[in-house]
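Trainee: I'd love to go through this one with you, starting at the nucleic acid and working inwards. Could you show it to me?

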Amino acid sequence: MAAAVRTRIAPSPTGDPHVGTAYVALFNYALARQHGGRFVLRIEDTDRERSSSEAETMIFDALRWLGLEWDEGPDVGGPHGPYRQSERTEIYREHAERLVAAGAAYPCFCTRERLEELRAEQKASKGRFGYDRRCRAVDPAEAARRRAAGEEHVIRLAMPTDGEIVVADLLRGEVRFAAEQIDDQVLIKSDGYPTYHLANVVDDHLMEISHVIRAEEWISSLPKHLRLYQAFGWRPPVFCHLPLLRNPDTSKISKRKNPVSLNYYRRAGFLPEAVLNYLALMGWAMPDERDQFTLDEFVAALDLAKISLGGPVFDLARLAWLNGRYIRDLSPEGLVERLRAELLGDRHLLAVARLAHERVETLADFVPYAGYFFSGDLAPDEAALGGMVMRGRTAQETARALREVLSEALDPILDWTAATVETALRDFCARHDIKPKELFMPIRIATTGRTATPPLFDTMAVLGKEICRRRLGLAADALGAVKA
RNA sequence: GACCCCAUCGUCUAGUCAGGUCUAGGACACCAGCCUUUCACGCUGGCGACGCGGGUUCAAAUCCCGCUGGGGUCACCA
């Protein structure tokens with residue numbers, strides 16, 4: 001009897017919930033459902049610097065919005081918990097020690113400074129990149145003494161130094177790597193936390209994951225992972241690396257060039273079933289090439305082996321078309337229901353009403369006054385573009401400034417409120433020696449299309465991060481395209 | 001740069017594994033027409049691709065090699 005199919009999605013809660021996470025989750029979910037198996041959600045929060053609970057909550061919300069329910073996870077429990085890696089550090093430490101005892105891993109006392117120098121040298125001499133394995137030569141007894149004395153160190157995996165490592169990928173078959181070119185990966189950081197590579201392998205084994213379906217960017221670390229399975233004496237799961245979603249210019253999908261936050265799609269009025277359906281079309285097609293189908297139909301028809309490997313360009317226009325079909329399939333009553341669920345829900349309506357109620361005279365003024373709170377992308381016209389150009393600067397310079405506002409001030413905000421936005425924006429002005437006045441009008445016009453609006457930060461708070469980011473990005477693009 | 005992956009219309013793809021039925025099919029976008037008081041939907045039609053060069057074969061989009069191109073990875077981030 002075949003072993004149970006167990007799949008997982010293992011996102012890192014370090015930012016906004018990513019469309020790539022949904023893409024990978026979809027295929028994992030579908031495979032598990034197809035085989036009556038289990039779909040696990042595991043939070044990989046081993047980067048103490050960047051992980052946050054806000055980001056984790058957003059991942060839960062986004063996945064649930066899409067309807068990709070998990071059977072085991074941090075919030076629903078399960079027999080293989082805990083499902084948050086930060087709560088499993090003892091397990092990783094124990095496993096790392098096992099490897100050290102077996103000689104498959106070793107403590108490394110090299111300082112960050114030395115590693116940086118090493119990298120610089122290697123770069124200059126165009127030599128091989130990676131750690132030079134110096135600490136591998138340290139006598140184990142001496143290493144143990146130094147560790148006991150509290151000397152700062154990491155634990156590294158001892159990779160074979162010659163021969164070939166052959167890994168198997170469900171879609172690509174055997175892939176070969178020369179062992180010597182694989183780095184001695186850090187397994188345990190000096191803060192005692194594991195790196196992805198260790199935690200991931202240990203957990204996939206302990207959680208009895210049968211199929212690891214993840215993005216292609218991981219394929220080059222597969223030799224390390226395989227080595228870990230061997231060193232532990234475990235049977236590796238089936239690996240299946242999905243192609244990477246792409247920007248229109250075919251680079252790996254990024255927020256600079258494409259909306260990547262699932263929050264954007266939700267807020268911009270995309271239906272979850274349409275988003276899922278569209279994602280299923282990335283690298284895969286129904287046997288009859290039908291382009292509209294339900295999640296259940298996908299679950300029934302999915303054949304992993306039929307995934308095509310060319311990186312699919314994420315095309316908003318095609319998603320919008322699909323979304324339109326789903327909307328047309330709704331009854332008018334159904335449409336109203338959907339509208340009330342999100343865009344015209346009491347929550348959003350009330351937030352807008354708070355800003356609009358002293359600025360309208362009749363109820364009928366409300367819709368035209370507050371229209372931009374209920375729409376998605378804004379296409380700035382010439383007048384708007386003119387109004388956006390900052391005093392004493394060119395359109396291009398303004399575009400650059402707006403992009404910096406995005407990446408430096410706005411993107412990092414996970415707790416999006418009028419207060420956090422205001423602080424971020426004022427800090428930005430101070431840092432760049434810009435008068436707030438000069439920056440705020442362009443932002444106002446970019447985010448609302450108007451020169452007169454309720455207070456900017458309140459307005460941006462109600463608009464939400466994703467709508468603001470997209471409108472600012474679009475405005476920057478339009479300004480950048482203005483002939484100097 | 002090194003290593004790895006990939007390669008069909010602008011985009012998503014079917015066809016490639018088991019070579020002939022492929023003068024390469026469908027969808028998005030675009031263009032035109034029809035429907036229609038308008039717009040949209042819908043319908044019909046059009047534009048549009050096997051990256052290049054060698055092989056193997058009676059026959060290659062399909063198999064092999066090289067080139068070119070694109071992408072990813074080379075962190076005490078995942």
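Trainee: Thanks! How far is a sugar or linking oxygen of RNA strand B from an N or O atom in the side chain of T250?

Mentor: Keep in mind that this is a predicted model. Polar contacts are pairs of N or O atoms within 3.5 Å. For T250, the distance from an N or O atom of the side chain to a sugar or linking oxygen of RNA strand B is 3.2 Å.

Trainee: And which elements give two or more residues to the surface near RNA strand B? Which of them gives the most?

Mentor: The elements with two or more residues there are α4 (112-125), β4 (154-157), β6 (173-178) and α11 (316-329). With four residues, the one that gives the most is α11.

Trainee: Which part of RNA strand B is 2.8 Å from an N or O atom in the side chain of S190?

Mentor: S220 makes a useful companion: one of its polar side-chain atoms lies 3.1 Å from a sugar or linking oxygen of RNA strand B. At S190, the partner of the side-chain N or O atom, 2.8 Å away, is a base oxygen.

Trainee: Which residues come nearest to RNA strand B, and what share of its atoms within 4 Å of the protein is sugar and phosphate?

Mentor: There are 49 residues around the strand, and Q181, K189, S190, G283 and E289 come nearest. Among the atoms of RNA strand B within 4 Å of the protein, the sugar and phosphate share is 79%.

Trainee: How do the residues of that surface divide into nonpolar, polar and charged?

Mentor: Take the polar group to begin with, which has 11 residues. The other two groups are nonpolar, with 19, and charged, with 19.

Trainee: Moving inside, which element supplies the largest share of the largest nonpolar core?

Mentor: That core has 56 residues, and F27, L279, F298 and F314 have the most contacts inside it. Several elements each supply at least two of its residues, including β2 (38-41), α2 (53-66) and α9 (272-280). The largest share, 11 residues, comes from α1.

Trainee: Which residues does L279 contact, beyond its neighbours within four places in sequence?

Mentor: L279 is among the residues with the most contacts inside the core. Setting those sequence neighbours aside, its partners are V19, A22, Y23, L26, F27 and F314.

Trainee: Last one: how many residues does each of domain 1 and domain 2 bring to their contact?

Mentor: Chain A is divided into domain 1 (6-84 + 245-328), domain 2 (88-242) and domain 3 (371-480). The C-alpha centres of domain 1 and domain 2 are separated by 28 Å. Their contact takes 25 residues from domain 1 and, from domain 2, 27 residues.

Notes. Residues numbered from 1 in each chain as written. Chains lettered and ligands numbered in written order. Predicted model: local features only at pLDDT ≥ 70, side-chain atom pairs only at ≥ 80, totals over all residues. Heavy atoms only, no water. Near = heavy atom within 4 Å. Polar contact = N/O pair within 3.5 Å; in protein donor to acceptor, adjacent residues only side chain to side chain. Nonpolar A, V, L, I, M, F, W, Y, C, P; charged D, E, K, R; others polar. Core = buried A, V, L, I, M, F, W, Y, C linked by side-chain atoms within 4.5 Å. Buried < 20%, exposed > 50% of the residue type's maximum accessible area, 1.4 Å probe, protein only. Contact = heavy atoms within 4.5 Å. Domains from an automatic or database assignment.
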